[in-house]
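Reader: I am in my first year and still learning to read models of this kind. Could you take a single part and go through it slowly with me?

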Amino acid sequence: MAMASFSISSLFTHRLLSLHHQSNQLFHFSPKSFSASPSFINHPKHGLRRAKLCAVATQITEAPPPPDTTRLLLPTNQSSDGLLRIRHTCAHVMAMAVQKIYPDAKVTIGPWIENGFYYDFDTEPLADKDLKKIKKEMDRIIGKNLPLIREEVTRDEAQKRIMAINEPYKMEILESIKEEPITIYHIGNEWWDLCAGPHVESTGKINRKAVELESVAGAYWRGDTNKPMLQRIYGTAWENEEQLKAYLHFKEEAKRRDHRRIGQDLDLFSIQDEAGGGLVFWHPKGAIVRHIIEDAWKKIHLQRGYDLLYTPHVAKADLWKISGHLDFYKENMFDQMEIEDELYQLRPMNCPYHILVYKRKLHSYRDFPIRVAELGTVYRYELSGSLHGLFRVRGFTQDDAHIFCLEDQIKDEIRGVLDLTEEILLQFGFDKYEVNLSTRPEKSVGDTDIWDKATDALKDALSDKGWSYEIDDGGGAFYGPKIDLKIEDALGRKWQCSTIQVDFNLPERFDITYVESNQERKRPIMIHRAVLGSLERFFGVLVEHYAGDFPLWLSPIQARLLPVTDSQLEYCNQVKERLKSNGIRAEVYSGERLPKLIRMSEKLKIPLMGVVGEKETETQTVTVRSRFGGELGTMGVDDFICRIKHAIENRTFF
């Protein structure tokens, strides 16, 4: 009896990724707390654009997400002064609790951070199991409703008090404080700390049920590996229990989506100890996704008038002296290597190479704009303790491009980059951005006139695009104003992604020129820009955004054929070859009972499964199951291929 002759649905686990969508809509971090950030882009022609986006979104979700009104918008330190005060006071309360339990513990610093607070202690090694008793003591302190009292003292008085309680780290902190008077915050009459504030009025203002201690980690004093290793306790604090629950749900979902775990589970990439930390090995499945990303990137750039480059990974050290990297960036560069009595350097940037390509010949004003782009691998030294999966590595590929143009072309070129950026990011399902424009800092190169022209051009391009943005006054690089764009993922997290940077420095350093209409030599404007940032980091974001459940067009394996018995293997291989000849990534999976084949395919997040039994072999068909669409029934191979190709080309549901 052929198993495929009865309903295959009894063998499939209908796994709707409801958590994916619930978490997408349940909480959302916003700089404006309970209102959407004004720097999110409101696309023009809303209905048309949304219709376009829905076609992409169907590849990401099994059902349309609920309206944005269902979200619990979590406040931030920027949006809620009360929350910031709660977190700062929690750090003090925790330090007080630790010193009550461990009287010999020495305190150091305890700031508020993005989602909570931490404090560093010089004490015996702590473990996560110790957090319970520390939290219990914190609850006792909170319950006493002790006042937070601010006191101003002289430097001499502060020194006497610190010496009296034997707190050497506080003495070092005091020495680093230049302002006077010195401020101290007391918790009742029981504990005090050097602090500028702010704090809540009393410990009773903290909702003990909205506070949780999260973890213990090691941290060097002042971040210096030559100084003592301290015990750092992390905690989170919120205004109420509902916010804490939403945050913990977010944290659990973020853990489920961790690209390091998913990368291992789906066999996408690895970082091998034998080769060294921060160096990425792309496995076949991860490599094919990278290949798709690169192909899409190259296609769009060629369509938009860019020339592609490939340049060396090393260069003479003198090149990095000219560029200024050896003066300003040396601590992030690998050691130099000596070759035939000359020093060479692994490249930390691609910019100087593109300038050398520009300098190979004399340019006329008629040649502009000149646009060059490269997927260029660079190498930067990072401390081993700072490495983190694909997000912080030592070797990575930047989607670098440089535009050489005239002053009056800046606005149009920036607008073109904004359009290109939007087109690329929309392909991968990112349609919400936070945009910042950083202006001239106190110390800078270039005259005021060109700075003003460039900054106005960036503003005008953003306005023409219809994108809202925030100004980071004085936050630009010393060599030019810039636009930074952060993308928002399925959990509402912001990721720095795209950068557009005007540069007045490198053209000067490399003395690049062009011939003006009057035959005078002038210096062109140089614009750096990256859309994805680095392929490694973007891939990590992409994995977490989709939780490894890539849409059909991006999935490393698009269809998997499952024979009920070995008797169907030959037919399955024939179907596989037909799929592959039509550009569909397909494979045959066999050797186990059908329920296990299905279960393993589900686990590996294969978008399409084609079950083949005796009946399918006789009728030259397949019984199809879509990961996102459920059981689709039996269909002919030609129909199967046609529907897959249509879904891939249109980025739609299968």
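**A pair of helices**

Author: Let us begin with how two helices pass one another: the crossing of H5 and H6 is left-handed. This is a predicted model, and the pLDDT of the chain averages 88, with 89% of the residues scoring at least 70. Confidence varies among the elements, however, since helix H2 (residues 46–60) has the lowest mean pLDDT, 29, and strand E13 (residues 307–308) has the highest, 98. Over residues 1–70 the pLDDT is below 50, although this stretch has 162 contacts in the model beyond near neighbours in sequence. Where pLDDT is low, the predicted coordinates should not be read in detail.

With that caution in mind, we can return to the two helices. Two packed helices are described by the angle between their axes and the distance between the axes. Here helix H5 covers residues 155–165 and helix H6 covers residues 168–176, and their axes come within 9 Å of each other while crossing at roughly 165 degrees. Because angles over 145 degrees count as roughly antiparallel, H5 and H6 are described as roughly antiparallel to each other.

Which residues make the contact between H5 and H6? From H5 come Arg-155, Ala-158, Gln-159, Ile-162 and Met-163, and these meet Lys-170, Met-171 and Leu-174 in H6. Sorted by character, the residues of this contact divide into five nonpolar, one polar and two charged.

Technical notes:
Residues are numbered from 1 along each chain as its sequence is written. This is a predicted model: local features need pLDDT of at least 70, side-chain atom pairs count only at pLDDT 80 or more; totals for chains, interfaces and linings use all residues. Side-chain values use heavy atoms; hydrogens and water are left out. pLDDT is the predictor's confidence in each residue, from 0 to 100. Helices (H or I, at least four residues) and strands (E, at least two) are DSSP runs, numbered from the N terminus. Contact means heavy atoms within 4.5 Å. Axes are lines fitted to C-alpha atoms, for helices over the stretch in contact, and angles run from 0 to 180 degrees between N-to-C directions. Angles under 35 degrees count as roughly parallel, over 145 as roughly antiparallel, 65 to 115 as roughly perpendicular and the rest as oblique. A crossing is left-handed if the near helix is turned anticlockwise from the far one by less than a right angle, and right-handed if clockwise. Ala, Val, Leu, Ile, Met, Phe, Trp, Tyr, Cys and Pro count as nonpolar, Asp, Glu, Lys and Arg as charged, and the others, Gly among them, as polar.
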